[in-house]
Amino acid sequence: MGSAGSIFSQWYFHVPNFVLAALMYTLLGRALLGLMVQPDSSNYIWRFFCRLTDPVVELVALVTPKATVPVVTWLFGVVWLFWLRVGLLYVFLLLGAAPRTG
């Protein structure tokens, strides 16, 4: 079948990986956009980034010192999401269910 068939047949890996990647890059975008936009801005792009990443930021804030500025918490979130993706791949490799190329 082609490469598209193999991607759909391994949805159990690709869907969580995609969701984690989307959150990770959106959180990185929030950190970069936060350098240019005021925290209480009514910009619709800023509000979208905040709404999408606020649950992740709240979880990261639980393990981050309270004295940390928000942008550092956001960047810690990017790092945590990256390591979650690495952990996901590692678990699937251990289970023998990781996607194979070729």
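**Exercise 1. Classify Phe13 as buried or exposed, and find its contacts.**

Solution. Phe13 has a relative accessibility of 7%. The cut-off for buried is under 20%, so Phe13 counts as buried. The model is a predicted one. Next, place the residue: Phe13 belongs to helix H2. Now list its partners, setting aside neighbours within four places in sequence. Phe13 is in contact with Leu88, Leu89, Phe92 and Pro99. Take Leu88 from that list. Along the chain, Phe13 and Leu88 are 75 residues apart, yet their C-alpha atoms are separated by 8.1 Å. Both Leu88 and Phe92 appear among the buried residues of H4.

**Exercise 2. Check the span of H2 against its expected value, then state what covers its buried residues.**

Solution. Start with the length. H2 covers residues 11-33 and has 23 residues. At 1.5 Å a residue, H2 should span 33 Å. The end C-alpha atoms of H2 are 32 Å apart, which agrees. Then turn to burial. The buried residues of H2 include Phe13, Asn17, Leu20, Met24, Leu27 and Arg30. The cover over the buried residues of H2 includes H3 and H4.

**Exercise 3. Find the salt bridge and say which parts of the chain it ties together.**

Solution. First, the principle: side chains of opposite charge can pair when their charged atoms come close. The cut-off is a nitrogen within 4 Å of a carboxyl oxygen. By this rule the count is one salt bridge. The partners are Asp54 and Arg30, with their closest N and O atoms 2.9 Å apart. Asp54 lies in helix H3 and Arg30 in helix H2, so the pair ties together parts 24 residues apart in sequence. Now compare exposure. Asp54 has 29% relative accessibility and counts as partly exposed. Arg30, at 6%, counts as buried.

**Exercise 4. Locate the kink in H3 and describe the helix around it.**

Solution. Take the span first. H3 has 20 residues and reaches 29 Å from its first C-alpha to its last. That is close to the 28 Å expected at 1.5 Å a residue. Next, the bend. A kink of about 50° lies at Thr53, shortly before the proline Pro55. Thr53 is also one of the buried residues of H3. Others in that set include Trp46, Phe49, Cys50 and Val60. H2 and H4 are among the elements that cover the buried residues of H3.

**Exercise 5. Describe H4: its span, its buried residues and what follows it.**

Solution. H4 has 26 residues. From first C-alpha to last, H4 reaches 37 Å, close to the 38 Å expected at 1.5 Å a residue. Its buried residues are Thr73, Trp74, Gly77, Val78, Leu81, Leu88 and Phe92. They pack against H2 and H3. After H4 comes Gly96, whose phi is positive, near 75°.

**Exercise 6. Which residues make the nonpolar surface patch, and which elements supply them?**

Solution. List the members: Leu59, Leu62, Val63, Val69, Val72, Phe76 and Trp80. Together they make a patch of about 710 Å². Then assign them. Helix H3 (44-63) and helix H4 (70-95) each supply at least two residues of the patch. Val69 sits in the loop between H3 and H4. Finally, check that Val69 qualifies on exposure. Patch residues need over 30% relative accessible area. Val69 has 45% and is partly exposed.

Conventions. Residues are numbered from 1 along each chain as its sequence is written. This is a predicted model: local features need pLDDT of at least 70, side-chain atom pairs count only at pLDDT 80 or more; totals for chains, interfaces and linings use all residues. Side-chain values use heavy atoms; hydrogens and water are left out. Patches are made of residues with over 30% relative accessible area and no salt bridge: like charges are joined within 9 Å, nonpolar side chains (Val, Leu, Ile, Met, Phe, Trp, Tyr) within 5 Å. Accessible areas come from the Shrake-Rupley method with a 1.4 Å probe; for residues, only the protein chains shown count as cover. A salt bridge is a side-chain nitrogen of Lys or Arg within 4 Å of a carboxyl oxygen of Asp or Glu. Helices (H or I, at least four residues) and strands (E, at least two) are DSSP runs, numbered from the N terminus. Buried means under 20% relative accessible area, exposed over 50%, partly exposed in between (1.4 Å probe, protein chains only). The expected span of a helix is 1.5 Å times one less than its number of residues. The bend at a residue is the angle between axes fitted to the seven residues ending there and the seven starting there. Contact means heavy atoms within 4.5 Å.
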